[in-house]
Amino acid sequence: MTPRIALAALTLACLATLGHAQQAKLKVGLMLPYSGTYTALGVAIENGFKLRIEEQGGKLGGREIEYVKVDDESDPSKATDNVNKLIKRDNVDVIVGTVHSGVAMAMAKAAKESGTILIVPNAGADAVTGPMCAPNIFRSSFSNWQPAYAMGEVAAKQEKKKKAITITWKYAAGNESVNGFKDGFEKNGGQVTKQLNVPFPNVEFQALLTEIAAAKPDAVYAFFAGGGAVKFVKDYAAAGLNKTIPLYGPGFLTDGTLDAQGEAAQGMLTTLHYADGLNTPRDTSFRTAYAKAFKLQPDVYAVQGYDAAQMLGIGLAAVKGDITKKAEFAAAIEKTKIDSPRGSFSISKSHNPVQDIYLRKVDGKENKMISIASKSLADPARGCKM
Ligand code: PHB
């Protein structure tokens with residue numbers, strides 16, 4: 001072989017390898033709770049994510065998707081080890097997770113340090129798109145401030161409540177949700193008179209319900225979700241409090257939980273970036289496909305998982321599957337409106353959804369849409385420098 005022919009052969013061989021490499025599967029690390037009070041939320045997120053991938057023929061940006069799963073148990077003390085398993089042991093291309101804000105903050109720190117793309121499909125930790133914001137970190141869900149602030153406004157302006165007590169699990173999500181409510185409520189003339197807490201994921205509420213009954217506020221605002229939300233709403237009704245003191249919350253209090261809450265939740269008002277009865281063609285086709293695939297009605301968590309896959313798809317299409325092109329990947333997501341079942345939304349500079357927050361009312365097994373409580377609400381993104 002002449003040197004020139006040898007060189008040509010080598011070039012061809014390299015090109016073939018490169019072509020092959022580009023077709024390698026994209027490794028998605030799903031870090032979600034598959035045990036504990038948030039199990040149903042983790043499962044709904046995974047279902048929604050996989051539904052979108054299936055709709056795309058199992059591929060995004062020309063690459064087949066492969067999954068590696070970790071059960072994070074909603075345990076912040078295990079979070080750094082768990083996320084490093086995905087980054088260092090499994091060498092994933094992208095991480096999708098998680099539900100719990102404390103776990104998500106550890107994930108954001110590891111993602112920021114390693115540069116791995118992270119898409120958060122639930123956890124609202126304000127810091128993730130605040131002081132911890134980074135070009136490779138995105139959220140398909142909400143910040144804890146968003147639905148909470150909208151509920152504070154509704155409680156004061158529309159429901160004309162003056163004095164409220166808040167109750168939550170004591171961790172980042174609960175604290176920030178209460179702060180968001182207080183922000184919206186007090187700006188509009190209300191006053192939070194007492195803030196009650198229980199440790200996460202404790203569900204012993206009796207002593208605090210007795211305290212609420214004695215204080216007789218005009219309203220109660222609660223942040224709980226999953227199994228804990230079921231228990232809290234039922235205990236509140238069992239104590240007879242729902243007859244005299246309206247219970248408000250971000251929509252997590254009644255989303256994916258109504259089968260179990262039954263009568264106890266009827267009539268409750270909550271605010272969230274998703275609702276039943278939106279009746280848009282986009283939402284209807286999503287709900288039909290989800291129900292067919294999983295024999296279940298979707299909830300907000302399913303939508304967030306689905307939209308995490310949509311965001312990943314938008315980024316990967318722009319870089320033709322080459323996820324190492326991070327700046328182009330991010331630019332594509334930043335400039336595209338995401339055609340979500342919730343209604344289309346955009347991604348802010350800090351990479352959090354700018355979205356409508358709905359006021360919803362529990363009617364039977366549905367969180368029926370009443371109105372848009374806050375149009376195109378953007379998180380203040382305090383502390384994000386990007
Ligand atoms: C959170 O920890 O950020 C969190 C968990 C469950 C929810 C909402 C927020 O439903």
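This report covers the confidence, the two domains and the internal cavity of one predicted model.

Residues are numbered from 1 along each chain as its sequence is written. In this predicted model, local features need pLDDT of at least 70, side-chain atom pairs count only at pLDDT 80 or more, totals for chains, interfaces and linings use all residues, and side-chain values use heavy atoms, with hydrogens and water left out.

**Confidence.** pLDDT is the predictor's confidence in each residue, from 0 to 100. The chain average is 95, and 94% of the residues score at least 70. Residues 5-21 stay under 50. For that stretch the model has one contact (heavy atoms within 4.5 Å) beyond four places in sequence. Where pLDDT is low, the predicted coordinates should not be read in detail.

**Domains.** The bounds come from an automatic or database domain assignment.

| Domain | Residues | Residues in the contact |
|---|---|---|
| Domain 1 | 26-142 + 278-351 | 16 residues |
| Domain 2 | 145-272 | 19 residues |

Their centres, taken over C-alpha atoms, are 28 Å apart. Together the two domains bury about 1300 Å², 60% of it on carbon and sulfur atoms. Buried area is the accessible area (1.4 Å probe) that two parts lose on being put together, summed over both. On the domain 1 side, Thr37, Tyr38 and Phe142 supply 39% of the area buried against domain 2, more than any other three residues. Salt bridges between the domains (Lys or Arg side-chain nitrogen within 4 Å of an Asp or Glu carboxyl oxygen) number zero.

**Cavity.** A search of the whole structure gives one cavity of 30 Å³ or more. A cavity is a set of points on a 1 Å grid over the protein atoms alone where a 1.4 Å probe fits but cannot get out; lining residues have an atom within 4 Å of a point. The largest cavity holds about 80 Å³. Its lining has 15 residues, with Tyr38, Val99, Asn122, Phe142 and Phe223 the closest to its centre. Each domain gives at least three residues to this lining.

How values were computed. 1 Å grid on protein atoms, 1.4 Å probe; cavity = no way out; pocket = protein on both sides within 12 Å on 5 of 7 lines; lining within 4 Å. Points joined across faces, edges and corners; volume = space filled by probe spheres on them.
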